[in-house]
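Welcome to a short set of exercises on reading a protein model. Keep the structure open beside you, and try each task before you read its solution.

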Amino acid sequence: MSAAAPHRTRIHDARRTAAPAGRAARHGVAALVGALAFALLPGPAATANPANPAAKPRIERASLTADGTEANDASWGGVISADGRYVAFTSKATNLTPDPQNPYLPDTYVKDLRTGAVTFIRDGLGGVRISADGRCVGTNDFGSHDLQGFVHDLKAGTRQALGSARGGSRITGLSGDCRYAVYTANPHHPADPQRVYVHDRTSGQDTLVSHPPTPEQYDMSDGSLSADGRILAYRAHRRLGEGPDRDDIVVTDLRTGERRQLDGSQDEATAALVQLSANGRVVAYTVGPDTYVHDLRTGRTTRLKGTQGRALSPGGGHLLYADGSTEALRLRNLASGADHLVAAQGGAEPGALTAHGRTAVFATAAGDLVPSDTNGAADVFVRHRR
């Protein structure tokens with residue numbers, strides 16, 4: 001779209017270190033449960049950088065019981081609190097806590113990496129989010145009528161549904177202090193478009209925050225909030241017809257109402273939002289086989305060819321991405337262009353990085369990353385960069 005053309009002229013290619021990647025992840029309900037299919041697949045182990053053995057990272061497994069017993073089924077979809085203490089993830093395991101669990105559906109768990117304690121949450125259809133301090137966890141699960149997003153306040157012991165029960169919703173982000181939750185509202189009638197709302201947990205108010213780029217009908221989804229809840233990024237997808245220029249990434253200042261439109265789709269390629277940085281200054285999104293990182297202060301857009309972005313660090317300086325040809329997860333320092341291998345094969349979610357990219361969370365079925373990994377299932381791991 002013409003409003004975004006100036007941004008496209010400022011794109012430059014980052015140093016290429018990966019082969020072309022696959023298509024962007026699918027959205028909607030399939031995206032919430034599709035990770036389970038990955039979790040059941042085997043994969044090779046991660047390897048250290050042979051050029052610098054001293055820099056070998058420390059890797060620990062998060063999907064364990066409080067006493068260190070292995071999970072008895074697959075775990076995936078891990079996210080981490082900003083301080084690196086708490087990891088929330090989805091699992092089909094039934095032995096992580098003694099709580100009564102449904103053996104046919106996954107649940108969500110929170111692991112305290114400092115104490116080893118595991119907290120059980122009775123929701124688990126993926127898309128887990130966690131607040132900066134680990135107090136609140138966002139999940140998606142079956143509501144009274146449709147799939148619905150929930151916020152679990154672990155300190156207060158409350159569980160709050162988001163949006164309307166009919167049509168349902170999907171939580172996609174939390175502010176750092178868990179006051180605000182952003183969610184995609186699915187319409188009760190399929191002819192109506194999706195919309196993005198922000199729920200204020202203090203006032204109880206729900207505010208429509210997404211706006212279509214043009215008068216045409218758009219689905220707007222996948223909202224990502226800054227830590228202070230002021231800046232929002234979301235994806236706008238034109239519903240009618242195929243062809244070029246049908247996706248846009250929109251960034252909104254919820255205090256001033258100022259909106260900035262980034263031109264997402266190019267030719268026939270679709271675009272998808274990866275994540276807004278916690279400081280609200282950087283946004284990462286994919287277009288076809290490539291990832292773009294846009295600096296909202298300078299207007300500069302960096303193109304990383306052959307990568308599929310998975311998570312952005314809170315400060316926006318590091319990107320966790322997947323290499324499409326090898327399925328490896330790598331961490332890119334966006335300032336220097338340096339890459340570090342995180343896992344030879346694995347999956348990761350928005351919210352999988354801590355500050356400066358020092359800690360990353362990922363899931364893999366590789367069985368030789370840590371000693372005594374004998375469960376034959378995918379696990380959630382935490383990689384600490386030394």
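**Exercise 1.** Is aspartate 222 buried or exposed?

*Solution.* Before starting, note that this is a predicted model, where local features need pLDDT of at least 70, side-chain atom pairs count only at pLDDT 80 or more, and totals for chains, interfaces and linings use all residues. Residues are numbered from 1 along each chain as its sequence is written, and side-chain values use heavy atoms, with hydrogens and water left out.

Step 1: recall the scale: buried means under 20% relative accessible area, exposed over 50%, and partly exposed in between (1.4 Å probe, protein chains only). Step 2: the relative accessible area of aspartate 222 is 11%, so aspartate 222 is buried. Step 3: find its place, which is strand 15 (residues 218-225). Strands (E, at least two residues) are DSSP runs, numbered from the N terminus.

**Exercise 2.** Which backbone feature does aspartate 222 show although it is not a glycine? Look for it at histidine 356 too.

*Solution.* Step 1: start from the general rule that most residues other than glycine have a negative phi. Step 2: aspartate 222 has a positive phi of about 60 degrees, and histidine 356 also has a positive phi of about 60 degrees. Step 3: look at the surroundings of histidine 356, which sits in the loop between strand 26 and strand 27. With a relative accessible area of 56%, histidine 356 is exposed.

**Exercise 3.** Find the disulfide and say which parts of the chain the pair links.

*Solution.* Step 1: a disulfide is counted when two cysteine sulfur atoms lie within 2.5 Å. Step 2: the structure holds one, and it joins cysteine 136 to cysteine 178, with S to S 2.5 Å. Step 3: cysteine 136 belongs to strand 8 (residues 136-142), while cysteine 178 is in the loop between strand 11 and strand 12, so the pair links distant parts of the chain, 42 residues apart. Step 4: both cysteine 136 and cysteine 178 are buried.

**Exercise 4.** How many residues of strand 17 are buried?

*Solution.* Step 1: count along strand 17 (residues 247-253): seven of the seven are buried, so the strand is largely enclosed by the rest of the structure. Step 2: sort the side chains by direction. Asp247, Ile249, Val251 and Asp253 point one way, and Asp248, Val250 and Thr252 the other way. Step 3: look for partners; two strands pair if DSSP finds at least two bridges between them. Strand 16 (residues 231-238) pairs antiparallel with strand 17 over seven bridges, with isoleucine 231 opposite aspartate 253. Strand 18 (residues 259-263) is joined to strand 17 by five bridges, also antiparallel, and here isoleucine 249 faces leucine 262. Step 4: the hairpin of strand 17 and strand 18 has five residues between the strands, and glycine 257 takes a positive phi near 85 degrees there.

**Exercise 5.** Which residues have the most contacts inside the largest nonpolar core?

*Solution.* Step 1: a nonpolar core is a set of buried Ala, Val, Leu, Ile, Met, Phe, Trp, Tyr and Cys residues joined through side-chain atoms within 4.5 Å. Step 2: the largest one has 36 residues, and Val87 and Leu320 have the most contacts inside it. Step 3: the elements giving two or more residues include strand 4 (86-91) and strand 24 (318-323), but the largest share, four residues, comes from strand 27.
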